[in-house]
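Me: Could you take a close look at the space inside this model for me, and explain what lines it? I'm in my first year, so please keep it plain and walk me through it slowly.

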Amino acid sequence: MLTKSSFLFAVSVCLSTLSMAQNRAYRLSLSDPESFSFILLGDPQGYIKYDINQPLFELQTLWIADNIDNLNIKGVLCTGDLVEQNENLVLNRGMLNQTSREMWQAVSNSFKRLDGKVPYIISCGNHDYGYRSSENGKTHFPEYFPIERNKTWYDCIVAVYPNRNGVESLENSAFCFNDPRWGKLLVVCNEFAPRDEVLDWSRDLINKEEWKDAKVIYITHSLLDERSGARTDNEPYKISPANWGQQVWDKLIYPSHNIVLAICGHEGDVGDFEDSIAYRVDGNIDGRKVHQMMFNVQTLGGGWEGNGGDGWLRILEFKPDGHTIGVRTYSPLFGISPSTKHLANRTAPYDRFDMIIE
């Protein structure tokens with residue numbers, strides 16, 4: 001028979017266990033329970049090029065998978081440079097200890113944690129093409145990231161366009177997310193240094209009747225320089241034809257009526273956190289504000305050959321007013337332990353701010 005004292009003890013144990021579960025060091029919540037979020041990952045190459053760093057990127061994708069429900073995560077955005085070198089068998093041990101195949105396998109395995117759970121959208125970077133760094137347009141990306149690997153893509157993908165090798169690939173793709181307060185959110189992803197035909201395809205797509213009232217989020221690898229926020233231009237890569245940040249702005253973003261947010265990675269330098277980010281707002285052809293964000297933290301945590309970025313990512317909270325996106329910079333690496341939890345949230349004005357979408 002369960003006595004009163006044993007019943008109270010059982011209840012106290014359950015409450016204690018529940019309390020512990022509710023205060024897991026790496027669980028977060030939204031500022032408004034009616035919000036939803038996207039998670040932004042910077043260039044992963046620094047995590048992937050050393051085997052000892054690879055678990056840190058897997059920690060990020062595991063953390064995302066564990067927080068899908070409480071952060072109401074609708075999708076994940078990644079700025080590209082998945083690997084340090086796309087196709088190279090000769091190791092430069094001063095900058096990596098993995099072959100290209102090992103790097104592709106490692107980054108694929110990390111994203112596997114999200115397969116069947118949430119869509120992720122990757123804008124391939126310069127290191128994902130050519131042999132070492134975009135000597136040409138060859139890439140192993142379609143081999144490791146075919147659409148069949150993640151069934152959640154099936155419900156939201158609306159268009160793709162062939163890559164530089166004539167293969168239809170998620171390098172150039174568009175995904176639609178619907179929300180009763182925000183309406184249609186169309187995420188358009190482009191290859192590194194997109195060709196004119198890719199920019200034309202993107203512009204024609206978002207101008208279609210079906211999407212003309214959508215809010216468009218555009219993601220490509222190279223758009224803004226770090227800190228200053230100047231647009232990239234005349235980059236020294238052999239890949240051709242190509243458009244850099246300024247041309248992407250002139251040919252696609254500025255003349256488009258409904259691109260409200262553009263995201264990139266690529267740039268960065270060893271230094272303060274501000275050397276890994278940039279943000280600016282400019283009017284498009286209609287005078288409508290376009291928010292532009294660069295996020296690439298690969299030098300944090302020890303420089304170019306450090307740990308790959310200290311686990312920093314961004315949470316983009318789409319609030320229920322249908323106009324405000326709250327930006328929060330967080331590290332699961334610090335957040336996973338109660339002893340370092342106090343370091344897990346960056347609070348500088350450039351780390352935590354609101355973007356108002358017109």
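Reply: First, a word you'll need: a cavity is a set of points where a 1.4 Å probe fits but cannot get out, and its lining residues have an atom within 4 Å of a point. Keep in mind as well that this is a predicted model.

With that settled, how many cavities of 30 Å³ or more does the structure hold? There are 2 of them. The largest encloses about 50 Å³ of space. Go round its wall and you meet Tyr120, Ile121 and Ile122, then Phe141, Phe145 and Trp153, and finally Leu170, Ser173 and Phe175. Two strands, S3 (120-122) and S5 (168-179), each give at least two residues to that wall. As for chemistry, 8 of the lining residues are nonpolar and 1 is polar, with no charged residues.

Hold on to S5, since it turns up again at an open space. The largest pocket has a volume of about 230 Å³. It has 14 lining residues, and the closest to the centre are Pro119, Thr152, Asp155, Cys156 and Phe177. Strands S2 (73-78), S4 (157-162) and S5 each put two or more residues into this lining. Which of the elements gives the largest share? That's S5, with 3 residues. Sorted by class, the pocket lining comes to 9 nonpolar, 2 polar and 3 charged residues. So S5 helps to line both the largest cavity and the largest pocket, which makes S5 a handy landmark when you turn the model around.

Now for the second largest cavity, with a volume of about 40 Å³. Its wall is made of Leu41, Gly42, Asp43, Tyr47, Phe57, Gln60, Val297, Gly308 and Trp312. Here the classes are 5 nonpolar, 3 polar and 1 charged.

Look for Phe57 in that list, then follow it into helix H3, where Phe57 takes part in a contact with helix H4. H3 covers residues 54-66 and H4 covers residues 100-112; their axes come within 8 Å and cross at roughly 25°. Angles under 35 degrees count as roughly parallel, so H3 is roughly parallel to H4. The crossing is right-handed. On the H3 side, Gln54, Phe57, Glu58 and Thr61 make the contact, while H4 brings Ala106, Val107, Ser110 and Phe111. By class, that contact has 4 nonpolar, 3 polar and 1 charged residues.

If you'd like another helix pair to set beside that one, try H6 (residues 196-206) and H7 (residues 245-253). Their axes come within 9 Å and cross at roughly 35°, again in a right-handed crossing. Asp196, Leu199, Ser202 and Arg203 of H6 meet Gln247, Val248, Lys251 and Leu252 of H7. This contact has 3 nonpolar, 2 polar and 3 charged residues.

Finally, step back from H7 into the loop that links strand S7 (215-219) to H7. Pro241 sits in this loop, and a cis peptide bond joins Ser240 to Pro241, with omega at about -5°. Asn234 is in the loop between S7 and H7 too. Its backbone is worth a glance: phi of Asn234 is near 50°, a positive value in a residue other than glycine.

Conventions. Residues numbered from 1 in each chain as written. Predicted model: local features only at pLDDT ≥ 70, side-chain atom pairs only at ≥ 80, totals over all residues. Heavy atoms only, no water. 1 Å grid on protein atoms, 1.4 Å probe; cavity = no way out; pocket = protein on both sides within 12 Å on 5 of 7 lines; lining within 4 Å. Points joined across faces, edges and corners; volume = space filled by probe spheres on them. Helix = DSSP H or I, 4+ residues; strand = E, 2+ residues; numbered from the N terminus. Nonpolar A, V, L, I, M, F, W, Y, C, P; charged D, E, K, R; others polar. Axes fitted to C-alpha atoms, helices over the stretch in contact; angles between N-to-C directions. Parallel < 35°, antiparallel > 145°, perpendicular 65-115°, else oblique. Left-handed = near helix turned anticlockwise from the far one by under 90°. Contact = heavy atoms within 4.5 Å.
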